[in-house]
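Let's take a walk through this protein together. Have a look at the sequence and the model first, and then we'll go through them piece by piece.

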Amino acid sequence: MPNISLRGDTVESKSSDGLLFAVHGYTGILLVGPPHGKKINKYIQNEGIYTYPGLENASWKIFKGKTHVMYTEFTPSKTKTTYGITYLGGGDVKDPYQDKFAEVVMSNYIIPSIEPLSGLDNYSHVKHWDNFGYRIPKKAKLVSEAMEDNKYEVRTYEDVGVKIRVLRFRIDPNIVDKSLAKKQIFTFLNKYGDLEAPTQYATVWNNGLPGFLIDRYKPNGESFLRHFTKDSEYYYSYRIDYDESKSLYKHKQLRDMIEYVSFDNAESLRKNTQWRIDNSHKKKFDTDPSFNQWYMGWINILAQ
């Protein structure tokens, strides 16, 4: 999602070939899943086909009016599965992405990000920590398991030029959860950023569950990646410190690896609305028709 997102919903349609994931941002909406173009045909103004490396049978549709909406459908090469993506850009000129038409964001940011995950299996594998699954390089060795500050359970792995810390700690139900709120995200950016290496932020959704990624990359220098997420019991922090000039892995390989986490009970976790802001903001957005009406309208259309 090319901006900070607030919530995710899983849409189950009677006519769908699978689950459709909806991500709601401040000024944009992204729907990803099985093809859903037929359900929105009456809203379409123009349509056509395009070519892009790694994609087959790719087509696009632009919505009528000034709604900044685009739909694309494609089949990844060497697969038999077809996907559909709908993107709405709100046109907020204060946002570096949303001041562009939907087709600009779709063609320059969303479509180029589409790639198969099969390459991850060539150099990494999945480790499980009870309900939580995460990837580490195949050659990485577990060097310690420890409890820090009587609170944080930590697993530490090492590889050539790479150190990995996977940490978890219990969610305290008596403390308001602001871990995935916008203010907390910018706190992390401020803490870990520096002037020599711009720090990137990305909202990451895995199977409809949210997390956020922080990426400070210095080509051939000391860099780090951090992915933070949670389930109903724990917060999880996954950090990689590495030097690309010494490591066996490139920056993109490590970033791809750290992004993809999993939960064994993802289906039940998805039933809880994954708000990324506190309850006062949740109530505001719930009752703000200018913000929520379009989104919920499409959720209802696609769920039919």
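Is R168 buried or exposed? R168 counts as buried, with a relative accessibility of 5%. Keep in mind as we go that this is a predicted model.

What does R168 hold on to? One partner is D130: the two side chains meet in a salt bridge, 3.0 Å from N to O. D130 sits in the loop between strand 8 (124–129) and strand 9 (132–137), while R168 belongs to strand 12 (residues 162–170), so this pair ties together parts that are 38 residues apart in sequence. Unlike R168, which is buried, D130 is exposed, at a relative accessible area of 57%.

E153 also forms a salt bridge with R168, and here the closest N and O atoms are 3.1 Å apart. E153 is in strand 11 (residues 152–159) and R168 in strand 12, so this link ties together parts 15 residues apart in sequence. With a relative accessible area of 23%, E153 is partly exposed. In total, the structure holds 11 salt bridges.

Now let's step back for the wider view. The protein has six helices and 17 strands, and buried residues make up 47% of its 304 residues. Take the contacts between residues at least 6 apart in sequence: 50% of them join residues at least 24 apart. On the outside, the protein exposes about 16,500 Å², and carbon and sulfur atoms supply 50% of that.

Next, find the open sheet of seven strands, which has the order 1-2-3-7-6-5-4 and antiparallel pairing. Strand 1 (5–11) and strand 4 (44–49) stand at the edges with a single partner strand each, so one side of each has no neighbour in the sheet. From one strand to the next, the twist averages 15°.

Let's follow the sheet in from strand 4. Strand 4 and strand 5 run antiparallel and are joined by five bridges; in one of these, G48 has W60 of strand 5 as its bridge partner. The two strands form a hairpin with five residues between them, and G54 in the turn has a positive phi of about 90°. Strand 5 (residues 55–63) also pairs with strand 6 (residues 69–76), again in the antiparallel sense, over six bridges. There, S59 stands opposite E73 in strand 6.

Helix 1 (residues 102–110) packs on this sheet, touching strand 3 (28–33), strand 5, strand 6 and strand 7 (83–89), and its direction makes about 125° with that of strand 7. Which residues of helix 1 are buried? They are A102, V105, M106 and I110. Seen down the helix axis, these buried residues fall within an arc of 100°, so they line one face of helix 1. Strand 3, strand 6 and strand 7 are among the parts that cover them.

Our last stop is helix 3 (residues 251–259), which is mostly covered: seven of its nine residues are buried. Among them are R255 and E259, and these two form a salt bridge of their own, with the closest N and O atoms 3.4 Å apart. R255 and E259 are four residues apart in helix 3, which means about one helical turn separates them. Another group to look for is E115, K252 and D256, joined into one network by salt bridges that share partners.

How values were computed:
Residues numbered from 1 in each chain as written. Predicted model: local features only at pLDDT ≥ 70, side-chain atom pairs only at ≥ 80, totals over all residues. Heavy atoms only, no water. Pairing = 2+ DSSP bridges. Axes fitted to C-alpha atoms, helices over the stretch in contact; angles between N-to-C directions. Contact = heavy atoms within 4.5 Å. Buried < 20%, exposed > 50% of the residue type's maximum accessible area, 1.4 Å probe, protein only. Areas by Shrake-Rupley, 256 points an atom, 1.4 Å probe, with all protein chains shown as cover. Arc of directions from axis to C-beta. Salt bridge = Lys/Arg side-chain N within 4 Å of Asp/Glu carboxyl O.
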